[in-house]
Each structure stands twice: as C-alpha cells, then as structure tokens.
Amino acid sequence: GYPDRLERGETASVTWGIESHEAESSAYTVVVVLERVSLSDDGVRRIETVELDRESVTVAPGEAIDRTHEVRPAIVGEDLRLSYYLYRGAAPDRASPETAYRHLYVWVDVGVFP
C-alpha cells in the first residue's frame, strides 16, 4: 500500500513501524528523505536529497509501534527514492545509508501526470 506515483503537491499517508527485540527500552530516530539518485555499476549515488520528516520515539522491550505521517514530495522526477533511515538514539543532521542503523526505501514517481 505504499505510494509509487504522486502528483506534484499531492500528499500521501505512509505508515512506518519499529519492533524492538532489545531487553530494555530503546530510543530511536526515524528520518524520512526523498532522494534523486543515479544508479550505475558502481552503486547508488545520491544527487539531491530533501528531508521530509523526522521523529524520535522510545520503544519498550518487545513492543512494536506504528506511526503514520504525511509525505508531500518537495522534488519532481521519476524513480525517486523515498527513504526511511532508522537510527539508535539521535540522528545526524544529514541522514545516509552509511550512518543509519537500518535503511529501507520505496521508489516513487512525482510529477504532473495526464
């Protein structure tokens, strides 16, 4: 049920979740970023990034939480990567796959469609 195509200015509701397998309460930060990327044999290169949302949560041992947020794309293009970066504790100013504890994404096209 994740969006894969949005009109410019359109808002979509997206739900993310965290399930804790830790023995104690754990603090996390989720950073949501829309990224224009270039794919090549060398991997993925981020060309443009726009942070859309950031939320800190504490999850009790064995607990699972879900949060719904509104995604309003700030850039237009095809094959944009809507990324969710999970950090233990605080997140850096610029989220990236290299610094995140976990990273997941969905591909989305954003534009003016007929």
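This briefing describes the fold, the strand pairing and a few individual residues of one protein. The model is predicted. The protein contains 0 helices and 7 strands, and from the N terminus its elements run β-β-β-β-β-β-β. An open sheet built from 5 of the strands, in the order β1-β7-β6-β3-β4, is described below.

**Overall dimensions and surface**

- The C-alpha trace spans about 50 × 30 × 20 Å along its principal axes.
- Of the protein's 114 residues, 36% count as buried.
- The exposed area is about 6,900 Å², and 44% of it is supplied by carbon and sulfur atoms.
- There are 12 positive and 21 negative side chains in the protein. The centres of these two sets lie 4 Å apart.
- Among contacts between residues at least 6 apart in sequence, 69% join residues at least 24 apart.

**The sheet and its edges**

- The sheet has mixed pairing among its 5 strands. Strands of a sheet pair through backbone hydrogen bonds, in either a parallel or an antiparallel manner.
- Strands β1 (5-7) and β4 (43-59) stand at the edges; each has a single partner strand, so one side of each lacks a neighbour in the sheet.
- From one strand to the next, the twist averages 30°.

**Pairing of β3 with β4**

- Strand β3 covers residues 26-40 and is joined to β4 by 15 bridges, with the two strands running antiparallel.
- A hairpin of 2 residues provides the connection from β3 to β4.
- Two bridge partners can be followed in the structure: Tyr28 is matched with Val57 in β4, and Val32 is matched with Asp53 in β4.

**Strand β6 and its two neighbours**

- Strand β6 comprises residues 77-88. Of its 12 residues, 9 are buried, so β6 is largely enclosed by the rest of the structure.
- With β3, strand β6 pairs in the antiparallel sense over 8 bridges. In this pairing, Val30 stands opposite Leu86 in β6.
- With β7 (residues 102-111), strand β6 is joined by 8 bridges, and these strands also run antiparallel. Here the bridge partner of Leu80 is Val108 in β7.

**A backbone feature at Asp79**

- Most residues other than glycine have a negative phi.
- Asp79 has a positive phi of about 55°, although it is not a glycine. Asp79 is placed in strand β6.

**The surroundings of Val50**

- Val50 lies in strand β4, one of the strands at the edges of the sheet.
- The relative accessible area of Val50 is 21%; because buried means under 20%, Val50 counts as partly exposed.
- Beyond its neighbours within four places in sequence, Val50 is in contact with Val32, Val33, Leu34, Ala74 and Ile75. One of these contacts, Val32, has Asp53 as its bridge partner in β4.
- Val50 and Leu80 are 30 residues apart in sequence, and their C-alpha atoms are 11 Å apart in space.

**Points to retain**

- The order β1-β7-β6-β3-β4 describes the open sheet, with β1 and β4 at its edges.
- Strand β3 is joined to β4 by 15 bridges and to β6 by 8 bridges.
- Strand β6 is largely enclosed by the rest of the structure, whereas Val50 in β4 is partly exposed.

Note on methods
Residues numbered from 1 in each chain as written. Predicted model: local features only at pLDDT ≥ 70, side-chain atom pairs only at ≥ 80, totals over all residues. Heavy atoms only, no water. Pairing = 2+ DSSP bridges. Helix = DSSP H or I, 4+ residues; strand = E, 2+ residues; numbered from the N terminus. Axes fitted to C-alpha atoms, helices over the stretch in contact; angles between N-to-C directions. Buried < 20%, exposed > 50% of the residue type's maximum accessible area, 1.4 Å probe, protein only. Contact = heavy atoms within 4.5 Å. Areas by Shrake-Rupley, 256 points an atom, 1.4 Å probe, with all protein chains shown as cover. Lys, Arg positive; Asp, Glu negative; His and termini not counted. Charge placed at Lys NZ, Arg CZ, Asp CG, Glu CD.
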